[in-house]
Amino acid sequence: SRPRSARQAALDRELEDAADLEDRLNALRRFKSIEVLHLAARDLQGLAELDEVSRGLTEVAELTLERALGMAWTELTERFGRPMCTEGGERREAGFLVAGLGKLGGAELGYGSDLDLLFLHDSRGEDQHTEGGRKGESMDNGRFFARLGQRLIHFVTTLTAEGALYSIDMRLRPGGKSGALVASFD
């Protein structure tokens, strides 16, 4: 079984020569394909138990989601600045959480599993807006986090030359499929 650090290093190598967004999205997809192939080869040779394969597939999903979220975060914060809020007189950066539910949350992914996700933010209090990006553009944190969730979904589900990364299911969020894409912790 490959340790997480080895998978992380492999992902870093895939991404190091990526010149633009399309290259980075393709690098994520290549990384997933290579890692799934490694796991499937061990599985077919009888060298990996089911729980090792499931954990490995889950780890690949976590690593690619983490990287895709970082890409979406960078893109939006460069344009609009970091989402900030004032709570109890203290100004702070509002956080965003991607929660894996279902098989992802239970580390039980299979080869064709989709990702059941829930997006949460902890913006509360006063002055809930971004600090303004390169051109001074700012927006309400609720809109910022909704866009962040949309960009993350786009990065993961878009079909590129290397295929799609994953299918995403957002129906388990608090309001179901018709509810808000991103919910507040509150």
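This passage describes the largest pocket and the largest cavity of a predicted model. Residues are numbered from 1 along each chain as its sequence is written, and side-chain values use heavy atoms, with hydrogens and water left out. Because the model is predicted, local features need pLDDT of at least 70 and side-chain atom pairs count only at pLDDT 80 or more, while totals for chains, interfaces and linings use all residues.

The largest pocket (on a 1 Å grid over the protein atoms alone, an open set of points with protein on both sides within 12 Å along at least five of seven lines) holds about 220 Å³ of space. Volume here is the space filled by probe spheres set on grid points, joined across faces, edges and corners. Its lining (residues with an atom within 4 Å of a point) consists of R4, E62, L65, E66, L69, V98, A99, G100, L104, G105, L117 and L152. Helix 3 (50–80) gives the largest share, four residues, and strand 3 (96–101) and helix 4 (102–105) each supply at least two; helices (H or I, at least four residues) and strands (E, at least two) are DSSP runs numbered from the N terminus. By character, the pocket lining comprises seven nonpolar, two polar and three charged residues. Ala, Val, Leu, Ile, Met, Phe, Trp, Tyr, Cys and Pro count as nonpolar, Asp, Glu, Lys and Arg as charged, and the others, Gly among them, as polar.

Turning to enclosed space, one cavity of 30 Å³ or more is counted, a cavity being a set of points where a 1.4 Å probe fits but cannot get out. The volume of the largest cavity is about 60 Å³. Around the largest cavity lie K32, V36, L57, V60, L109, G110, Y111, S113 and Y166, with helix 2 (21–44) and helix 3 each supplying at least two lining residues. Six of the cavity-lining residues are nonpolar, two polar and one charged.
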